[in-house]
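Student: Could you take me through the largest pocket of this model in detail, setting out what lines the pocket and where that lining comes from?

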Amino acid sequence: MVARDVIPYEVQGSGAGRVILLHHWFGDRTAFAPMREHLNGEAFSYAFPDCRGCGEAQQTAGVFTMEEIAADVLAVADDLDWDTFSVVGHSMGAIAAQLALLNAPERVRSLIGVAPMPASGFPLEGEYRDLFYGAVENPANRRVIIDTVTGGQEDDAWLDAMVSRSLERTTPEAFRGYLESWSTTDFHERVRGNRTPVLVVTGANDPVLGADAARGTWLEWYPNAELDVLDGCGHFPTEETPQALAASLEQFLSRFAK
């Protein structure tokens, strides 16, 4: 068997708890940068990969699907010689994290979804489909989406910076490919009843993938799932409330990631 190419990644910390973190659709691994200063590197080892077509992997060939990201998670773990680990997935990254769990249930010790898309995907129809697919080429569409999923709580400078980073750190091909993948996938019957420990972290200001969405999907399908709702943020707690998110993750991971 030919070894899979390993996507670019970096590791922070040297602790016994091993964790791989997958970023959201609008960026790359630098989306976790505001949170990283709050992480405990003595207790945990955190691996931050760039999905193909994003960040340092912008020139890395790919088909840009959730299945591909899931396979890349295991390749990163192999490259690090991590037999077991936990996976954190933010938004679209949570779909890939669940597929990684299904692909290697004996290796994934726990799963965390941050403002997570469910295993049933996120179907788009009508004007919403036009808005999201238009975002591939139109920065104004990206701004509308980001403003909406943060509950209209962020100022113009913050929104502009998010849009700018998404344009700089993702290729149009990857942006569209991942959109097509996360919006059409549905494997929720495969995860129903899965007893892996799961944490779902949502933002109180997220009108799309907030607590209600989590209760109707993640908490219904994973019997060992728990929910943490963070105040003061919407869909991007990595950027909006990074310290609170880091504390939530590590409180959970301390039980399962070692």
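Tutor: What follows is a close look at the largest pocket, with a short word on the largest cavity beside it.

This is a predicted model, in which local features need pLDDT of at least 70 and side-chain atom pairs count only at pLDDT 80 or more, while totals for chains, interfaces and linings use all residues. Residues are numbered from 1 along each chain as its sequence is written, and side-chain values use heavy atoms, with hydrogens and water left out.

The largest pocket (on a 1 Å grid over the protein atoms alone, an open set of points with protein on both sides within 12 Å along at least five of seven lines) has a volume of about 350 Å³, a volume being the space filled by probe spheres set on the points, which are joined across faces, edges and corners. Its lining, meaning residues with an atom within 4 Å of a point, comprises 22 residues, of which F122, F132, I145, V149 and V208 are the closest to the centre. Helices (DSSP runs of H or I, at least four residues, numbered from the N terminus) contribute as follows: α4 (126-134) and α5 (139-149) each supply at least two lining residues, and α5 gives the largest share, four residues. By class, the lining holds 16 nonpolar, four polar and two charged residues, where Ala, Val, Leu, Ile, Met, Phe, Trp, Tyr, Cys and Pro count as nonpolar, Asp, Glu, Lys and Arg as charged, and the others, Gly among them, as polar.

The largest cavity, a set of points where a 1.4 Å probe fits but cannot get out, has a volume of about 60 Å³, and its lining has three nonpolar, three polar and four charged residues.
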